[in-house]
There are 2 protein chains.
Amino acid sequence: MAATGLSRSTMATRLEALGEAGYLEVSGAADSTGGRPAGSFRLRRDAGVLLLADIGGSHVHTALADMGCDVLVSHRRDLSVAEGPDVVLGQVAADFRRLLKDAGEPADRVRGIGIGVPGPVEAGTGRVVSPPIMTGWDGYTVPDFFRGGYDCPVLADKDTNLMALGEHRVNWPDRRHLLFVKAGTGIGSGLVLGGALHHGSQGAAGDIGHIPAPGLDETSPDAPVCRCGNSGCLEALAGGWALVRDLTAAGHDVATTDDVVALVRSGNGDAVRLLRQAGRLLGQGVADAVSLLNPSILVVGGGLAHAQEHLIAGIREVTYRRSLPLATRDLRVVLSPLGTRAGVTGAAHMVADALFDPATVDARLR
Amino acid sequence: MAATGLSRSTMATRLEALGEAGYLEVSGAADSTGGRPAGSFRLRRDAGVLLLADIGGSHVHTALADMGCDVLVSHRRDLSVAEGPDVVLGQVAADFRRLLKDAGEPADRVRGIGIGVPGPVEAGTGRVVSPPIMTGWDGYTVPDFFRGGYDCPVLADKDTNLMALGEHRVNWPDRRHLLFVKAGTGIGSGLVLGGALHHGSQGAAGDIGHIPAPGLDETSPDAPVCRCGNSGCLEALAGGWALVRDLTAAGHDVATTDDVVALVRSGNGDAVRLLRQAGRLLGQGVADAVSLLNPSILVVGGGLAHAQEHLIAGIREVTYRRSLPLATRDLRVVLSPLGTRAGVTGAAHMVADALFDPATVDARLR
């Protein structure tokens, strides 16, 4: 109750309602400070299913999870977010139908939908706001697309926020401050501070991809132009699309971040050298974030991170060299254990949280 | 009660105890969700006094405040923190006695003591941990020095955290995310995120003074050595002591940050040029912090900020140019309205918070 801010009687009423609706099960007795017996509740794993999508810059990952946030079936396809909301969300909806069919679940068992997108999202509404790379999405309210099709809450957040949330809930629930850095086609981060996602005033928090690359004069004509319209951004030097550009210029046949990863895995010297350099550049931005936030865990994910150890090695090297000793004394720097599932897993937790949220519960069970 | 996480009955018991001890007054009826009449409580302004100290790199600011956190009398003296805890805290204790005498208050009316120091402090204990510039303080538990002298809670925190807290509580209590940047002899920051101070895992959060200056190769032999032992830190180029170094090299007779400020105010060309450059450099670090945290208000304080508009002009220029449009759309960049009183005001609020804290209340009123 301390965590919810609700009085005992209000909470009991809500739990009763959730229980009657078949959402809850008791997970064991916990100690009580008031002398009355108390229990720990969780959503019943089989009380329904969640539909989840992680929309990246160049791919869409969809999944169906149980109410315990475990992914049961998932699907991944290449698709550019620049196709716009109608095409991309239309494809997500089609993939959702296929996942339901594969899992043998009817649509009326869907209890919640969670969507991650590669840009800032207004907290509360799920409206995309001034995204640097999501052509055609500015001002689009993502949940509206699904409202007619399913009778359940629909929530949206920035992809990196969901990845941070997923890793925090699954792997480090007891750490108060976690920084998740995504190095894929684009570069971004998600911040769990004090155990909760930090969105910032406009939902723009975590934007480390478009800070100017350290050691570079971003007003110089030599600074590479970024997808966001500025020049010399970290992403314009160390993002997957920047590596595609540089490897293409060096005569290699690459078109996507996956191609870059394949080239690195084949041991190509140019690709390995560029990825290592990207790791050091990214490490400089990450080190500054570590100095500012003093997290206890730094999780690195995204396609480039999982290519090989080169990227995270560069990040570790620079972070430990550049941040204050105190800030790195107990800092762990790890590869994202959830990998490509971090986004959809975080989306599941976002939705499960909402199902426990008083406002949602009131609306659903009234 | 939502804000405290306490049940209604527990809170009522605690309020009753505080009321019986004469700490509380009712500040007006508020609406109640439970149908019972409810009131807003605040600490009685005349229920006692608070003793506060803001220990900077080269000065000590002490103050006596009422229980409403308004400073009644204060005193400022030059003193280097590198004199060590015995000398500096001994002087603080002497200044406290003088403030009590000036205000005509006996020592047994002191309800709480709050101390700010220019380095990281472990949350909960008030122990100084690995401070870059506080020679002789590492591992020192600040509150212990005062425990014998006064029968009240003693709390300590990093000076920039208290400045951020003070500005937030007094001037922007409704803003959720506030970034306070101090540009004095040293450079640092304090973060109010989600309405509360963010300390980080080791109390090291907010360290923007020792991130490498943007656009500089900190491994180059030309990078200036910093007080923290590294090279090329932002503070080593834009801090007050760095300006003293550069102005001295240019033939000017300056020894302290106050001297630099005086030279700027006299219109000296070298001093103005260096301060403007410092503002732009600092602006680069600040812009990156704005991109990462997306605060809605950026408060700039410290001696250099108040010299003239040059510093904040440079910060504004670079922040609005370098941060994402979304992150700066509603961002206000302002000079610290509390000025030199920001630290002691924040210290007063830290102590007043503790007097309402269940753990403190339980210990004091049992």
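A salt bridge is a side-chain nitrogen of Lys or Arg within 4 Å of a carboxyl oxygen of Asp or Glu. With that in hand, the pair Arg273(A) and Asp270(A) can be read easily: their side chains meet in a salt bridge, with 4.0 Å from N to O. The model described here is a predicted one, and its salt bridges make a friendly place to start.

Side chains of opposite charge can pair when their charged atoms come close. A search of the whole structure, over all chains, finds 29 salt bridges. In the pair introduced above, Arg273(A) and Asp270(A) both belong to helix 8 of chain A, which covers residues 269–293. The two residues are three apart, about one turn of the helix. How covered is each partner, buried or partly exposed? Arg273(A) has a relative accessibility of 48% and therefore counts as partly exposed. Asp270(A), at 27%, also counts as partly exposed.

The pair formed by Asp159(A) and Lys182(A) offers another view. Their side chains meet in a salt bridge of 3.1 Å, N to O. Asp159(A) lies in helix 4 (residues 159–171) of chain A and Lys182(A) in strand 8 of chain A, so this pair ties together parts that are 23 residues apart in sequence. Both Asp159(A) and Lys182(A) are buried.

Chain B supplies a further example, in which the side chains of Arg127(B) and Glu122(B) meet at 3.2 Å, N to O, in a salt bridge. Arg127(B) is partly exposed because its relative accessible area is 27%. Glu122(B), with a relative accessible area of 26%, is likewise partly exposed. Back in chain A, a network of salt bridges links Arg45(A), Asp66(A) and Asp70(A).

Lys182(A) leads on to the strands, since strand 8 of chain A is where this residue lies. In chain A, five strands form an open sheet with mixed pairing, and their order is 10-9-8-11-12. Which strands stand at the edges? They are strand 10 (196–197) and strand 12 (332–335) of chain A; each has a single partner strand, so one side of each is left without a neighbour in the sheet.

Within this sheet, strand 8 (residues 178–183) and strand 9 of chain A pair in the antiparallel sense over six bridges. One of the facing pairs puts Ala183(A) opposite Ile187(A) of strand 9 of chain A. A hairpin of three residues joins strand 8 of chain A to strand 9 of chain A.

On to the next pairing: strand 9 (residues 187–193) of chain A is joined to strand 10 of chain A by two bridges, and these strands run antiparallel. Leu193(A) has Ala196(A) in strand 10 of chain A as its bridge partner, while Val192(A) is partnered by Leu197(A) of that strand. The hairpin of strand 9 and strand 10 of chain A has two residues between the strands, and in this hairpin Gly194(A) takes a positive phi near 60°.

How many residues of strand 9 of chain A are buried? The count is seven of its seven, and the strand is mostly covered. In a regular strand the side chains alternate between the two faces of the sheet. In strand 9 of chain A, Ile187(A), Ser189(A), Leu191(A) and Leu193(A) point one way, whereas Gly188(A), Gly190(A) and Val192(A) point the other way. Residues of both groups are buried.

Strand 7 of chain A, made of residues 154–158, is also mostly covered, with four of its five residues buried. Strand 6 (residues 110–117) of chain A runs parallel to strand 7 of chain A, and five bridges join them. Here Gly114(A) stands opposite Leu155(A) of strand 7 of chain A.

The surface and the loops complete the tour. On the surface, Asp78(A), Asp253(A), Asp258(A) and Asp259(A) gather in a patch of negative charge. Of these, Asp259(A) lies in helix 7 (residues 257–265) of chain A. With a relative accessible area of 30%, Asp259(A) is partly exposed.

In chain B, His252(B) sits in the loop between helix 6 (240–249) and helix 7 (257–265). Why does His252(B) count as buried? The cut-off for buried is under 20% relative accessible area, and His252(B) counts as buried because its relative accessibility is 18%. From His252(B) to Ala271(B) there are 19 residues in sequence, and the C-alpha atoms of the two are 9.2 Å apart in space.

Technical notes. Residues are numbered from 1 along each chain as its sequence is written. Chains are lettered from A and ligands numbered from 1 in the order in which they are written. This is a predicted model: local features need pLDDT of at least 70, side-chain atom pairs count only at pLDDT 80 or more; totals for chains, interfaces and linings use all residues. Side-chain values use heavy atoms; hydrogens and water are left out. Patches are made of residues with over 30% relative accessible area and no salt bridge: like charges are joined within 9 Å, nonpolar side chains (Val, Leu, Ile, Met, Phe, Trp, Tyr) within 5 Å. Accessible areas come from the Shrake-Rupley method with a 1.4 Å probe; for residues, only the protein chains shown count as cover. Lys and Arg count as positive and Asp and Glu as negative; His and the chain ends are not counted. The place of a charge is taken as NZ of Lys, CZ of Arg, CG of Asp or CD of Glu. Buried means under 20% relative accessible area, exposed over 50%, partly exposed in between (1.4 Å probe, protein chains only). Two strands pair if DSSP finds at least two bridges between them.
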